[in-house]
Amino acid sequence: MSASRIQQLADEARRLLKGNPLMASTASLQRVATRNLLKRRFQYGCTLATASKLTDCSAGVEALSAYFPDLANGGYTRLLELPPAVAGPVTADPYRSSVLAAWMSGLARSLEWQARGPDAQIVSGYLQSDLIASDLELERQPARRLSCGIGLVRIESLARSRVMQALLRQCMPNYHGSNYPITDDAELDHIADHLERAFALIVELDMYGYQRLIAGLHTLHVGVREPPCSFSSSSELPGSAIIVLSRERLRDGDHAATAAQLLHQAGHVLLELYTTSAAASLPGEFQYVSPYKEDLQTFESILHVVYTIPWECAFGMACLSNETNPERRAWKTAFIITYAARQVPLIDIARKGIERLGGDVLLDLPDIAAIPCWSSRILFLVGQLLAEEPIAHRQAHFAERQRVLDRQAWDIGQMLLRGKEPVDPRMGRREIDDSGDNVSLWYDGKFHVIVKTPDHAMGEDYGHYAATIRAVAPSEMEAM
């Protein structure tokens, strides 16, 4: 591929980044953040009011409520009388503190688990003011602070907290703290320098993305390990993300890859801010099959994937013109094309899901309606990148795309054989035989006969890191 063509595609990717549908005006984002504050304030207030009624819990409730100015001094008992509020910067908003959110979530769950008669001793476990203060100190006084203001906290600190470690395991199911190396000061300096360079690249190529990144994140929990790297976030850890960089990434200085993955997480945090602040919730049924997760997902989780991965791919394309090593550029090109291939069915699924939403939801969240269109434009640009590849590479990528579609049909078939009705506009006529063990299915214009496997997990467990499909499918059905 010629240098001029690479530059042309990179410039087009940068133009697409400027059209990011959730890059609303500062005033609009301020309204979203304020709605998030008011919604969480009411939720937290109700939780504190319930806990305060238990014997020996009032002192702990008062100490915890002190972190939220309007709820302090018994304000949680006067929720309907509280004055309006306006969200401040993410670093000053206690309702976007990951630590306070984790402890409040634990407190709420302890009350829900014992709805018929809460045990004060169990509830008080989430009212330990000294432990809360210790966790919060790490967030407010991080080990390092980047020039953009985001703090860096060692991931080992997160793992040592009884409440925070549960969320760490949720974000990183394969995390085993005892097997992870302790991040020493030299490595922390190396991580900080690497992230500074990644942020500088984001400023250069996606200024709007950078603005939303620093407006949405106040903390990065960081660590090192052997490959691969790991980037994750959670709705229960607002304002923060977990980043474990590999020593290989730090050694090679691949700042473009780190920058793209940072924006991916920023996309999750931004979309989560929109959806959690909305008055009307997105539907929560597990009705969609994801070719990234190979499982049933809610519409909201599908929307997250359709939003964040194209953003990451577009940024990766914008970086190609900066890559001077031909071998590395070829590898990155192949990665972008392969990574985006699974968006082929997902963008249509997201578009169909938006069509099925009630009018109230779209009135409340109008910006999300533009996500599939924006993502499809990025996918079209990836197609142009593919067209520049040698013919042998194009054939391999087209074969991979077909494997994705075949695997999607196979997963959908397993759901149909179990009485589920997944939503996918590429799905055509289907017929289950009399035995109930085989389904004939048209998918994306191709005919499939799919045999029921004995151990294909299903149901809501898909949304909670349950067992994924084991290697029982024919090898030709296995996605890369």
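Here are some friendly notes on a predicted model, taken point by point.

1. Let's start with charge pairs. Side chains of opposite charge can pair when their charged atoms come close. How many salt bridges does the structure hold? The count is 20, and the next few points walk through some of them.

2. Find helix H9, which covers residues 185-205. Arg 197 and Asp 193 both sit in this helix, 4 residues apart, or about one turn. They form a salt bridge, and their closest N and O atoms are 3.1 Å apart. Are these two partners buried, exposed or partly exposed? Arg 197 is partly exposed, because its relative accessibility is 47%. Asp 193 is partly exposed too, with a relative accessible area of 37%.

3. Now move along to helix H18, residues 391-416. Here Asp 411 and Arg 407 are again 4 residues apart, about one turn of the helix. A salt bridge links Asp 411 to Arg 407, with 3.4 Å between the closest N and O atoms. This pair is worth setting beside the one in point 2. Asp 411 has a relative accessibility of 2%, so it counts as buried. Arg 407 is buried as well, at 3% relative accessible area.

4. Another pair to look up is Arg 430 with Glu 421. Their salt bridge has its closest N and O atoms 2.7 Å apart. Arg 430 is partly exposed, with a relative accessible area of 35%, and Glu 421 counts as partly exposed at 47% relative accessibility. Salt bridges can also share partners: Asp 348, Arg 351, Arg 426 and Asp 444 are joined in this way into one network.

5. Keep Asp 444 in view for a moment, since its backbone deserves a comment. Most residues other than glycine have a negative phi, and most peptide bonds are trans. Asp 444 is not a glycine, yet its phi is positive, near 55°. You will find Asp 444 in the loop between strand S9 (438-443) and S10. Its relative accessible area is 34%, so Asp 444 is partly exposed.

6. Which other residue shows a positive phi although it is not a glycine? Asp 56 does, with a phi of about 70°. Asp 56 belongs to the loop between helix H2 (26-52) and helix H3 (58-65). With a relative accessible area of 72%, Asp 56 is exposed.

7. While you are checking the backbone, look at Pro 227 and Pro 228. The peptide bond joining them is cis, with omega about 5°. Pro 228 is part of the loop between strand S3 (219-225) and strand S4 (230-232).

8. Here is a puzzle about a charged residue. Glu 272, in helix H12 (residues 255-277), is buried but has no salt bridge. How far away is the nearest side chain of opposite charge? That side chain belongs to Arg 40, and the distance is 6.2 Å. A salt bridge needs a side-chain nitrogen within 4 Å of a carboxyl oxygen. Beyond its neighbours within four places in sequence, Glu 272 is in contact with Ser 235, Glu 300 and His 304.

9. For a buried residue of another kind, turn to Ile 354 in helix H15 (residues 343-355). Ile 354 counts as buried because its relative accessibility is 9%. What does Ile 354 touch, leaving aside its neighbours within four places in sequence? Its contacts are Phe 299, Leu 303, Leu 362, Ile 368, Ala 369 and Pro 372. If you would like a distance to try in your viewer, the C-alpha atoms of Ile 354 and Leu 9 are separated by 30 Å, and the two residues are 345 apart along the chain.

10. Let's finish on the surface. Glu 431, Asp 433, Asp 434 and Asp 437 gather there in a patch of negative charge. Glu 431 belongs to strand S8 (residues 427-432) and is exposed, with a relative accessible area of 58%. There is also a nonpolar surface patch of about 300 Å², made by Trp 442, Phe 447 and Val 449. Val 449 lies in strand S10 (residues 446-451), and it counts as exposed at 55% relative accessibility.

Note on methods. Residues numbered from 1 in each chain as written. Predicted model: local features only at pLDDT ≥ 70, side-chain atom pairs only at ≥ 80, totals over all residues. Heavy atoms only, no water. Helix = DSSP H or I, 4+ residues; strand = E, 2+ residues; numbered from the N terminus. Buried < 20%, exposed > 50% of the residue type's maximum accessible area, 1.4 Å probe, protein only. Contact = heavy atoms within 4.5 Å. Patch = residues over 30% accessible without salt bridge, like charges linked within 9 Å, V, L, I, M, F, W, Y side chains within 5 Å. Areas by Shrake-Rupley, 256 points an atom, 1.4 Å probe, with all protein chains shown as cover. Lys, Arg positive; Asp, Glu negative; His and termini not counted. Charge placed at Lys NZ, Arg CZ, Asp CG, Glu CD.
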